[in-house]
Amino acid sequence: MADKKEITYQEVAKHNKADDCWVIIDNGVYNLTEQMKTHPPGPFMIKLFAGKEATWLFKRVLLHSEKVFKNKEKYRVGTLKRVEGEKIPNNSQLFITFAIIIIALVAFFLLK
Ligand code: HEM
């Protein structure tokens with residue numbers, strides 16, 4: 001079964017481009033190359049996590065319905081083979097920092 005295929009982080013990290021984008025959500029590895037092109041807020045949100053861990057933000061986006069959670073299984077390429085002590089990059093903090101700066105700028109210009 002394709003689902004059982006074990007994929008190392010080293011392999012995921014190679015798929016870090018706009019035309020070849022794999023992400024990690026929980027223990028699954030997903031090929032979101034096609035979904036990135038049609039992603040409602042734009043490709044940027046998914047591109048930021050290309051070849052990386054995306055679980056934290058993916059689960060917190062309230063606009064991600066049950067359907068999105070279920071549908072993602074169609075894009076699953078395998079299961080992540082975790083290696084003890086291996087650090088997997090995650091750009092959630094970068095996203096949050098970026099969002100806070102934008103919100104602060106908007107608030108500044110609206111309230112001044
Ligand atoms: C602030 C960040 C994000 C926003 C506002 C956002 C918003 C959305 C919206 C509105 C949809 C459509 C929902 C629907 O059809 O019911 C969607 C779908 C989806 N999003 Fe996001 N998203 C964000 C980040 C991410 C991230 C980080 C990932 C994974 C790396 C991701 C993966 C997906 C996937 C796989 C779908 C389903 C696409 C499909 O089946 O065609 N999103 N997102």
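Helices in these legends are DSSP runs of at least four residues in state H or I, strands are DSSP runs of at least two residues in state E, and both are numbered from the N terminus. With that in hand, welcome to a tour of a predicted model.

**View 1. The whole protein chain, as a place to get your bearings.** The predicted model contains six helices and six strands in its protein chain. Starting at the N terminus, the elements follow the order β-α-β-β-β-α-α-β-α-α-β-α. The C-alpha trace extends over about 60 × 35 × 25 Å along its principal axes. The protein chain has 112 residues, and 15% of them count as buried. If we take the contacts between residues at least 6 apart in sequence, 75% of them link residues at least 24 apart. As for confidence, the average pLDDT of the protein chain is 93, and 97% of the residues reach at least 70. For the complex, the predictor reports an ipTM of 0.92 and a pTM of 0.88.

**View 2. The shell of residues around the ligand.** Here 21 residues surround the ligand, and the closest are Pro 40, Met 45, Ala 54, Leu 63 and Ser 65. Four helices each contribute at least two residues to this shell: H2 (33-38), H3 (44-47), H4 (55-60) and H5 (66-71). Helix H5 provides the largest share, with three residues. Sorted by character, the shell holds 13 nonpolar, six polar and two charged residues.

**View 3. The hairpin of strands E3 and E4.** Strands E3 (20-25) and E4 (28-31) flank the loop that holds Asp 26. The two strands run antiparallel and are joined by four bridges. In one pair across the hairpin, Trp 22 faces Asn 31 of E4. Two residues lie between the strands of this hairpin. Do look at the turn, where Asp 26 has a positive phi of about 55 degrees even though this residue is not a glycine. For context, most residues other than glycine have a negative phi. Is Asp 26 buried or exposed? Asp 26 counts as exposed because its C-beta neighbours inside 10 Å number 12, and a residue with 12 or fewer falls in that class.

**View 4. Strand E6 and its two partners.** One partner of strand E6 (residues 76-81) is E4, and the two pair in the antiparallel sense through three bridges. Along this pairing, Tyr 30 sits opposite Arg 76 of E6, and Val 29 sits opposite Gly 78 of E6. The other partner in this view is strand E1 (residues 6-8), which runs parallel to E6 and is joined to E6 by three bridges. Thr 8 has Lys 81 in E6 as its bridge partner. Strand E4 therefore takes part in two antiparallel pairings, with E3 and with E6, given that strands pair when DSSP finds at least two bridges between them.

**View 5. The largest nonpolar core, with Val 23 at centre stage.** This core contains 15 residues, and Cys 21 and Val 23 have the most contacts inside it. Strands E3 and E4 are the elements that give two or more residues to this core. Strand E3 supplies the largest share of this core, five residues. Val 23 belongs to strand E3. Why does Val 23 count as buried? Val 23 has 27 C-beta neighbours inside 10 Å, and the class of buried residues begins at 20. Setting aside residues up to four places away in sequence, Val 23 touches Tyr 30, Leu 32, Ile 46, Phe 49, Ala 50, Lys 52 and Ala 54. Of these contacts, one to pick out is Lys 52: Val 23 and Lys 52 are 29 residues apart along the chain, and their C-alpha atoms are separated by 5.4 Å.

**View 6. His 15 in its loop.** His 15 lies in the loop that connects helix H1 (9-12) with strand E2 (16-17). Which residues does His 15 touch, not counting those up to four places away in sequence? They are Asp 20, Cys 21, Trp 22, Ala 50 and Gly 51. His 15 has 19 C-beta neighbours inside 10 Å, so this residue counts as partly exposed. Another landmark for this view is Ile 25, which is 10 residues from His 15 along the chain, with 15 Å separating the two C-alpha atoms.

Note on methods
Residues are numbered from 1 along each chain as its sequence is written. This is a predicted model: local features need pLDDT of at least 70, side-chain atom pairs count only at pLDDT 80 or more; totals for chains, interfaces and linings use all residues. Two residues are in contact if their C-beta atoms, placed from the backbone, lie within 7 Å. A residue is near a molecule or strand if its C-beta atom, placed from the backbone, lies within 6 Å of it. Ala, Val, Leu, Ile, Met, Phe, Trp, Tyr, Cys and Pro count as nonpolar, Asp, Glu, Lys and Arg as charged, and the others, Gly among them, as polar. pLDDT is the predictor's confidence in each residue, from 0 to 100. A nonpolar core is a set of buried Ala, Val, Leu, Ile, Met, Phe, Trp, Tyr and Cys residues joined through C-beta atoms within 7 Å.
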